[in-house]
Structures are given as C-alpha cells and as structure tokens.
Amino acid sequence: MADPLKPSPPQAQGPQGPGPDARVPGDAAVRALDLEAVRNLRRAAQREESDLSYLRRLLHGRIDILRAELGRRAADPADAGTPAPVVQQLSEILSERRGPARGSRHVSVHPPRTERYRTRIERMLADVELSDLTALDDAELLTAIDDLTDYEHEVSARRLELQRETDLCGQEIARRYREGEARVDDLLSEN
C-alpha cells in the first residue's frame, strides 16, 4: 500500500531500550514518568492496539475474499460442477476458521475510535474494489492480495510494538506497587 503506518509521536522522553523498535519507550523513559503518566501511556497503547486489531481483521477478510475468488477461478468444473460465486460463499469465507495466534491476547475489537485509523480503513477499502470481482483479472487479484498482505504485515508489526509498550508499562506499574512506590490505598482513595 502507498501509505505505510507512521509512528505515533513519542509519549515518553528518555533513552530507548534494547530491541528492534525505537518507538517503544525504554525502561528508563517509563521509570521517569509519574504513575498516572505510565497508566495513560498504557491506556493509549491499548486503545491503538484495539484500533489496529479492527483494521487487521478487515484486511484478513479482504484477503480471504480475494483468495477465494482466485480459488473459484482455478477450480476444475469437472470435479464439482461450476463453483458458486464468491458472494454465495461469504459466510464460509469470513468465518473464523483459524484459532488464535500463539501468544495472542484478548483485545476487544470494535470500529476505531481515532480518526487516524478510520481514514486508513476507508482508504484501504477503496483501494481494492470488491463489488465486482469478476471485473478484475488474475494479475489484478494477485497484486491486490500482495498489497493487502504487505499492509497487514505493517499493521501486525505496529501491534507487536504496542503490545511491548503495554507490557512495559504494566511491569512498571507492578514494580512500583511491589516496591512500595505506589499504594493500593492511594488508588482506592481516588474514587
């Protein structure tokens, strides 16, 4: 896709931790934040991950539909007669056939709350017209599948970064409670 995911603006300042992505704040940067800022950083990462999960599901659906059309075209009519049009197979194509990914976590999936991802979804949906798959030749279908797959990989990579950020913030919050820097009583008295 022409519009790769752009990094979120840094929300924590300080040296970056080890690892492949400089967008995830390092331990020292998170430790330098007050407890409320760490909680806010974690919530923001969780919200963005949820938005990306929705986008990723849409991408998977599109890819599955395009692959089904290619499979329909490649099917030998002598084996089972003329294959049904993809539109008649949508419920099967879009059903959850695969189990959760190894190491996956529960994320509530809903339409994105931020304009940033709503706009991306609209653009992505407009890029590959699915209303008439028969108007696309095999090369166009393959190109669309490749583009959507590349975009899905970018989305997945960003989700992984956000999961690391969420975990880092959660570990820091737990450390502060464990070491007495934060108290449960303070949290309860805020309500």
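Colleague: How many helices and how many strands does the protein have?

Modeller: The protein has seven helices and zero strands, and its elements, read along the sequence, follow the pattern α-α-α-α-α-α-α. This is a predicted model, which is worth keeping in mind throughout what follows.

Colleague: How should I read the confidence, and in which helix is it lowest and in which highest?

Modeller: Where pLDDT is low, the predicted coordinates should not be read in detail. In this case the protein averages a pLDDT of 76, and 66% of the residues score at least 70. Among the helices, confidence is lowest in α3, residues 77–80, with a mean of 65, while α6 has the highest, at 93. Over residues 1–22 pLDDT stays under 50, although the model has 44 contacts for them beyond four places in sequence.

Colleague: What share of the residues counts as buried, and how much area does the protein expose?

Modeller: Of the 191 residues of the protein, 35% count as buried. The exposed area is about 11600 Å², of which carbon and sulfur atoms supply 52%. As for how contacts are spread over the sequence, 80% of those between residues at least 6 apart join residues that are at least 24 apart.

Colleague: Turning to the interior, which residues touch the most other members of the largest nonpolar core?

Modeller: That core holds 21 residues, and the members touching the most others are Leu 52, Leu 55, Leu 59, Leu 66, Val 86 and Leu 133. At least two residues of this core come from each of α2 (35–74), α5 (115–127) and α6 (138–178), and α2 gives the most, with nine residues. Apart from this core lies another one, of nine residues, including Val 30, Leu 35, Leu 168 and Cys 169.

Colleague: Could we take two of those members in turn: where is Leu 55 found, and what does Val 86 touch?

Modeller: Leu 55 is found in helix α2, and it counts as buried because its relative accessibility is 0%, against a cut-off of under 20%. Its C-alpha atom and that of Ser 156, 101 residues apart along the chain, are separated by 9.9 Å. Val 86, once residues up to four places away in sequence are set aside, touches Ile 65, Ala 68, Glu 69, Arg 72, Ile 93 and Leu 133.

Colleague: Is Arg 67, by comparison, buried, partly exposed or exposed?

Modeller: Arg 67, whose place is in helix α2, is partly exposed, since its relative accessible area of 46% lies between the cut-offs of 20% and 50%. Leaving aside neighbours within four places in sequence, Arg 67 is in contact with Ile 145 and Thr 149. The C-alpha atoms of Arg 67 and Leu 141 are separated by 8.0 Å, with their positions 74 residues apart along the chain.

Colleague: How many salt bridges does the count come to, and which side chain meets that of Glu 172 in a salt bridge at 3.7 Å?

Modeller: The count comes to 14 salt bridges. The side chain of Glu 172 meets that of Arg 31, with an N to O distance of 3.7 Å. This pair links distant parts of the chain, as Glu 172 is in helix α6 and Arg 31 in helix α1 (residues 27–31), 141 residues apart. The two partners are to be read separately for exposure: Glu 172 counts as buried, at 6% relative accessibility, whereas Arg 31 counts as partly exposed, at 49%.

Colleague: Which residues are linked with Arg 31 and Glu 172 in a network of salt bridges?

Modeller: The network links Arg 31 and Glu 172 with Arg 175, Arg 176, Glu 179 and Glu 181.

Colleague: And what should I read from the salt bridges of Glu 36, beginning with where Glu 36 and Arg 39 lie?

Modeller: Glu 36 and Arg 39 both lie in helix α2, three residues apart, which is about one turn of the helix. Their closest N and O atoms are 3.9 Å apart, so the pair falls within the 4 Å cut-off for a salt bridge. Glu 36 also meets Arg 43 in a salt bridge, at 3.2 Å from N to O. As to exposure, Glu 36 is partly exposed, with a relative accessible area of 37%, and Arg 43 is partly exposed at 34%, whereas Arg 39 is buried at 9%.

How values were computed:
Residues numbered from 1 in each chain as written. Heavy atoms only, no water. Core = buried A, V, L, I, M, F, W, Y, C linked by side-chain atoms within 4.5 Å. Buried < 20%, exposed > 50% of the residue type's maximum accessible area, 1.4 Å probe, protein only. Helix = DSSP H or I, 4+ residues; strand = E, 2+ residues; numbered from the N terminus. Contact = heavy atoms within 4.5 Å. pLDDT = per-residue confidence, 0-100. Areas by Shrake-Rupley, 256 points an atom, 1.4 Å probe, with all protein chains shown as cover.
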